[in-house]
Amino acid sequence: MTVEEKFGQLQQLTWNPDTGPGEGQNEAARKAAAEGRLGSVLNIVGAKECNDLQRVAVEESRLGIPLVFGLDVIHGFLTTFPVPLAQGASFDPGVVASDAEVSAREARSWGVHWTFAPMADVSREPRWGRVAEGSGEDPYLTARLTAAKVRGYQGEDYSAKDRLAACAKHFVGYGFPEGGRDYNTVDLSERRLRDIALPPFKAAVDAGVATVMASFNTVNGIPAHANKHTLSEILHEELEFDGFVVGDYNGVQELIPHGVAADGADAARLALGAGVDMEMVSTTYAEHGKKLLESGKLDRDRLDDAVRRILRIKVRLGLFENPYADEDGQIGDPTAAARRAAREAAARSAVLLRNEDGTLPLEAGTGAIAVVGPLGDDTQELHGTWAGPGARKYPAVSVLEGVKKAAPGAKVTFAKGCEVEGEDTGGFAKALAAVRKADVAVVVVGEKAAQSGEAAVRSDITLPGVQERLIKEIAKTGKPFAVVVLAGRPLVLSGIAEEAPAILNAWHCGIEGGNSVADVLFGKVNPGGKLPATFPRSVGQLPYYYAHENTGRPYDPDNKYTSKYLDLPHGPLYPFGFGLSYTTFEVSDLKLSAASASASSVRGGGSEVEATVRVENTGRRKGDEVVQLYVRDKVASLAQPVRRLRGFERVTLKPGESRTLTFALGAEDLGFHTNDPDGELRVEPGEFEVYAGTSAEASLKRTLTLT
């Protein structure tokens, strides 16, 4: 390969499906493909469209190296699944894998080879809109679900016609922006980097992820696109990742406003030198690479390494043997099976937060039901942020429609009451009249899809507009009602927590959202979802998360000089891992296989301690419970979190049925990283508290001693 062709493989350009003025980089992509100076294109979809451009690369360029086509397939392509945060609430790797499998099948048939997912970022900052794309605040949960999604997209062989190459993003620390503001500065100690941010990426690499995307943020003052420590020393050398790293959109060029690169040539030198193999959209590699190489500012071995990594993934995708999509095989519409999978995923992701006096489930034979609220008849916002191309073509099932189907004999009325945003209360009277005439009301509130996701930061994460006021007025009618919350992030629900008899957090739940909500409301599905992120009482508590350090002055209600707020009750509104059911469960008989073990043996991987715990359905309905195991290192050389999730399992039990679950505790569960940049994992002698239960506030406890 010539130098120009090598740098060409490192270039990704974006496609604009709308031809004519402002078509973006389309013509540049065609020209570069014909000259063999293009490696990838993003945002091009359609088997014919992809094939037309692929033929230029394969049949007109000197070497005929195929292009790889990438797209943000985040939670569905034609069939929209719940947003990833909602899937995190399922505590079920099967839900995540189902989304990835359906998405891969649909997208690959449209000529897409590569998805920019899963997002492996842990975040404890719900003001940050991109929490919608991740699995929540916990590294263990996120790691389990990230690995499941990688395997779902890629299968055993991602050259298959129904699979995609996955991309773990954003490497690394993107979920910890100061103030929750997107793209903002991140300052993480080495220890927090390794114990919180890195585990999901390690899980992705261990699952065979094809690619990794660099993040927009700085990490301890160094922009991620120029961070040799994270990209090369950790990702390539320690984790032995053999795929390629793609920059984020214009991320290489943005090293200039970051203030670490003087110009485009400097940005190219820093990014390629640090370990960014493919440049997305900006063109500093192609423009300056040859001169940088000739001047000795870029290393030829590094260039060849980047090219090899990209070609390796193209080989694994089977593009050299089969560069073209089957145009007759392009899937036209969401299939019935895909819709069933999306509906089941959404129902398994719903979290019941409150249910006073058995308000839910509703009776299908109810005479009159009022559906009110600005999202009650919505068919678009339910798709959520980063929905695939199917969201523009296929309306989501509204909650109103779902309720009507679930209760065909009921008189169902609808009144919007208000908009999602704004201060207009003119619709309140009609909504309240509908509630008064009904036997029960379903109040559907939340945020729009565009109010979460990338560049969708909210400083106030209470219900937008006058929705909270609407709920308080409905409460005054004395009628029973349930609030359904549709959102892409944890919201502050303190204003309605005591007003609403029942609250179902259904997230942005996808194309079958209304049906899935109705399945839960009417008891066809017994809710079993759990919160993947803490719901705070107030924005002023943020960032707020369960795995905090104890401090030297932990909360004491009788001592002013301890860690607390003067104007808030202590603790979250709803803790991590919390979720109610229509039945009841008892978790008991927590046992350890040994009361003590050798720290050195655990550290070396020679021994594990097993924890067993029994869970029983003590109620009258079949239902799901998520049993969770937490660990606390009581005394360590570095202050440790008050507890860390180290195991979970979702089980379905009939009334009276019980099951004993087993969790293994090894070095990663009992150890922690120091601030050594080489990544020392330390397992120290001492006492550990092991907790089991159904949320981060689990109280069942045993003590393990490492000697």
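**Strand pairing, salt bridges and backbone geometry in a predicted model**

Strand β20 (residues 623–633) and strand β25 (residues 686–693) run antiparallel and are joined by 6 bridges. The model in which this pairing is found is a predicted one. Within the pair, Leu629 is placed opposite Ala692 of β25. Both strands belong to an open sheet of 5 strands, arranged in the order β18-β26-β25-β20-β21 and with mixed pairing. At the edges of this sheet are β18 (596–597) and β21 (644–653), each of which pairs on one side only. In general, the strands of a sheet are held in register through backbone hydrogen bonds, in either a parallel or an antiparallel sense.

A parallel pairing is found elsewhere, where 3 bridges connect β5 with strand β6 (residues 211–214). Here Phe171 stands opposite Ala214 in β6. Strand β5 (residues 167–171) is mostly covered, since 5 of its 5 residues are buried. The backbone also has a notable feature at Phe171, which is joined to Val172 by a cis peptide bond with an omega of about 5 degrees. Val172 itself is located in the loop between β5 and α7.

A second cis peptide bond links Leu360 to Pro361, again with omega at about 5 degrees. Pro361 is part of the loop between β11 (351–355) and β12 (368–372). Positive phi values occur at residues other than glycine as well. Asn250 has a phi of about 65 degrees and is situated in the loop between β9 (244–246) and α10 (255–258). With a relative accessibility of 26%, Asn250 counts as partly exposed. For Val281, phi is near 75 degrees; this residue is in the loop between β10 (279–280) and α12 (284–294). Val281 counts as buried, because its relative accessibility is 9%. These backbone features may be set against the general pattern, in which most residues other than glycine have a negative phi and most peptide bonds are trans.

Charged side chains form 46 salt bridges in the structure. One of them connects Arg191 with Glu549, with 3.6 Å between the closest N and O atoms. Arg191 belongs to helix α7 (residues 190–197) and Glu549 to the loop between α20 (513–521) and β17 (585–592), so the pair ties together parts that are 358 residues apart in sequence. Arg191 is buried, because its relative accessible area is 11%, whereas Glu549 is partly exposed at 27%.

Another salt bridge is formed by Lys634 and Glu687, whose closest N and O atoms are 3.2 Å apart. This pair likewise links distant parts of the chain: Lys634 is in the loop between β20 and β21, and Glu687 is in strand β25, 53 residues apart. Lys634 is partly exposed, with a relative accessible area of 37%, and Glu687 is also partly exposed, at 37%. In the salt bridge between Glu616 and Arg614, the closest N and O atoms are 3.4 Å apart. Glu616 is buried at 18% relative accessible area, while Arg614, at 26%, is partly exposed. In addition, a network of salt bridges links Asp72, Arg130, Glu133, Lys169 and Glu454.

Charged residues also contribute to the surface. Glu49, Asp326, Glu327 and Asp328 together form a negative surface patch. Among them, Asp326 is located in the loop between α13 (300–316) and α14 (336–349). Asp326 is exposed, because its relative accessible area is 52%, and the cut-off for an exposed residue is over 50%.

Key:
Residues are numbered from 1 along each chain as its sequence is written. This is a predicted model: local features need pLDDT of at least 70, side-chain atom pairs count only at pLDDT 80 or more; totals for chains, interfaces and linings use all residues. Side-chain values use heavy atoms; hydrogens and water are left out. Patches are made of residues with over 30% relative accessible area and no salt bridge: like charges are joined within 9 Å, nonpolar side chains (Val, Leu, Ile, Met, Phe, Trp, Tyr) within 5 Å. Accessible areas come from the Shrake-Rupley method with a 1.4 Å probe; for residues, only the protein chains shown count as cover. A salt bridge is a side-chain nitrogen of Lys or Arg within 4 Å of a carboxyl oxygen of Asp or Glu. Lys and Arg count as positive and Asp and Glu as negative; His and the chain ends are not counted. The place of a charge is taken as NZ of Lys, CZ of Arg, CG of Asp or CD of Glu. Helices (H or I, at least four residues) and strands (E, at least two) are DSSP runs, numbered from the N terminus. Buried means under 20% relative accessible area, exposed over 50%, partly exposed in between (1.4 Å probe, protein chains only). Two strands pair if DSSP finds at least two bridges between them.
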